[in-house]
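Here is a small set of exercises to work through with the model open beside you. Try each task before you read its solution.

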Amino acid sequence: MSEITLPTEDFVPEIGGIPKDFSMIVFGPPKVGKTTFGASWPKSLLLECESGGAKYVKSRKMDLSSLGELRKVWNLLKTDTAYENVVLDSLDRVAQWIEDEICAEMGLKNIMDAKKGERHGAQWGEYVQRVLMFLEGWKSLGKRLILLAHTKKAETDGQGLVISPKTINLYGQTASRVMAIVENIGHLYAVEGEGGNIQRILSFRAGTHVEAGSRHPLLTDRQIVLPRDGGYQAFAALFDVEQNGAKESKKAKKELAEAR
């Protein structure tokens, strides 16, 4: 075994361009443009798990209807060199397939039940582990991974005040664990501007009423206005350190080093 020594200098990573091991969840309400944004990434494969979800979106896509088909695609991508980006639409649909698989194996009508004679809640531990294993497996492909998801409906109290923030549409503990291993969480929503024009905003700002954020200094607390068609160019421009200037690059490097 080689000798182990403690570090004596700060690690300062290179910043410039979207990292090759980039992973991101983009969540938002239906029809806001999540699929269009994901499909706009160059050299991307769109894995469409929502029936008809990409019917009018120009993309290199595969329509899938089961975990079995998704696993076969994963095996093909292990040796693929053509695709740099994989877009999964949607994460909550895949989680539903995992839920159905567990229920079938345990003889449950739904995941809220407990099989007679078994410890109540055993299915939940299995569910969390399988969702996390699924994500780790897809991240291990060495491609950028963009996971699309729907927004879980925010809960409110009797006075209409938000008591739980908008987040990805997964069960509580599972959502928290997933967001811990995926580095970038973007909330995509639409607002009406002047003259009735609709603006689509991709936000990495965490707040009281929304769970979003990023570990990458070029995305932290950023909000991006996406065009109606696509959006990749607007997103990728944030990583163009030449365009943004050497000063911003130096600042980002310092912030990332200080955050570690």
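**Exercise 1. The pairing of β7**

Find the residue of β8 that stands opposite Glu192, then work out how β7 is paired with its other partners.

Solution. Keep in mind that this is a predicted model.

- Step 1: Start at Glu192, whose opposite residue in β8 is Ile198.
- Step 2: Move to His187, which has Ser203 of β8 as its bridge partner.
- Step 3: Put the two strands together: β7 (residues 184-192) and β8 (residues 198-203) are antiparallel and share six bridges.
- Step 4: Look at the turn. The hairpin of β7 and β8 has five residues between the strands, and one of them, Gly195, has a positive phi near 70°.
- Step 5: Turn to β1, which runs parallel to β7 and is joined to it by four bridges. Here Phe27 is opposite His187 of β7.
- Step 6: Add strand β9 (residues 213-214), which is antiparallel to β7 with two bridges. In this pair, Ile185 faces Gly213.

**Exercise 2. One strand further**

Which strand pairs with β8 over four bridges, and in which sense?

Solution.

- Step 1: The strand to look for is β10 (residues 223-226), and its pairing with β8 is antiparallel, over four bridges.
- Step 2: To check the register, select Leu202: its bridge partner in β10 is Ile224.
- Step 3: For context, the protein chain holds ten strands in total, along with eight helices.

**Exercise 3. Is Phe22 buried or exposed?**

Decide whether Phe22 is buried or exposed, and describe its surroundings.

Solution.

- Step 1: Locate Phe22, which sits in the segment before β1.
- Step 2: Apply the cut-off. Buried means under 20% relative accessible area. Phe22 has a relative accessible area of 2%, so Phe22 is buried.
- Step 3: List the neighbours. Leaving out residues up to four places away in sequence, Phe22 touches Trp41, Lys143, Arg144, Leu145, Asn184, Leu219, Phe235 and Phe239.
- Step 4: Compare sequence with space. Phe22 and His216 are 194 residues apart along the chain, yet their C-alpha atoms are 9.7 Å apart.
- Step 5: Widen the view. Among contacts in the protein chain with a separation of 6 or more, 62% are between residues 24 or more positions apart. Of the 260 residues of the chain, 40% count as buried.

**Exercise 4. The nonpolar cores**

Identify the residues that touch the most other members of the largest nonpolar core, and say which element gives this core its largest share.

Solution.

- Step 1: The largest nonpolar core has 42 residues, and those touching the most other members are Ile25, Leu47, Leu70, Val94, Trp138, Ile168 and Val178.
- Step 2: Elements that give two or more residues to this core include β1 (23-28), β2 (44-48), α4 (122-139) and α5 (172-181). The largest share is that of α3, with eight residues.
- Step 3: Zoom in on Leu70. Residues up to four places away in sequence aside, Leu70 touches Leu47, Leu64, Leu88, Val94, Trp97, Phe134 and Trp138.
- Step 4: A separate second core has 26 residues, including Phe37, Phe204, Leu226 and Phe235.

**Exercise 5. Pocket and cavity**

How much space lies in the largest pocket, and how much in the largest cavity?

Solution.

- Step 1: The largest pocket holds about 500 Å³. It has 20 lining residues, of which Lys31, Gly33, Thr35, Thr36 and Gly53 are the closest to its centre.
- Step 2: Helix α1 (residues 34-39) gives the largest share of this lining, three residues.
- Step 3: Sort the pocket lining by class: nine residues are charged, six polar and five nonpolar.
- Step 4: Now the cavity. The whole structure has one cavity of 30 Å³ or more, and the largest cavity has a volume of about 40 Å³.
- Step 5: Its lining consists of Gly33, Thr36, Phe37, Leu188, Arg200, Leu226, Pro227, Arg228 and Gly230. By class, four of these are nonpolar, three polar and two charged.

Notes
Residues are numbered from 1 along each chain as its sequence is written. This is a predicted model: local features need pLDDT of at least 70, side-chain atom pairs count only at pLDDT 80 or more; totals for chains, interfaces and linings use all residues. Side-chain values use heavy atoms; hydrogens and water are left out. On a 1 Å grid over the protein atoms alone, a cavity is a set of points where a 1.4 Å probe fits but cannot get out, and a pocket is an open set with protein on both sides within 12 Å along at least five of seven lines; lining residues have an atom within 4 Å of a point. Grid points are joined across faces, edges and corners, and a volume is the space filled by probe spheres set on the points. Ala, Val, Leu, Ile, Met, Phe, Trp, Tyr, Cys and Pro count as nonpolar, Asp, Glu, Lys and Arg as charged, and the others, Gly among them, as polar. Two strands pair if DSSP finds at least two bridges between them. A nonpolar core is a set of buried Ala, Val, Leu, Ile, Met, Phe, Trp, Tyr and Cys residues joined through side-chain atoms within 4.5 Å. Buried means under 20% relative accessible area, exposed over 50%, partly exposed in between (1.4 Å probe, protein chains only). Contact means heavy atoms within 4.5 Å.
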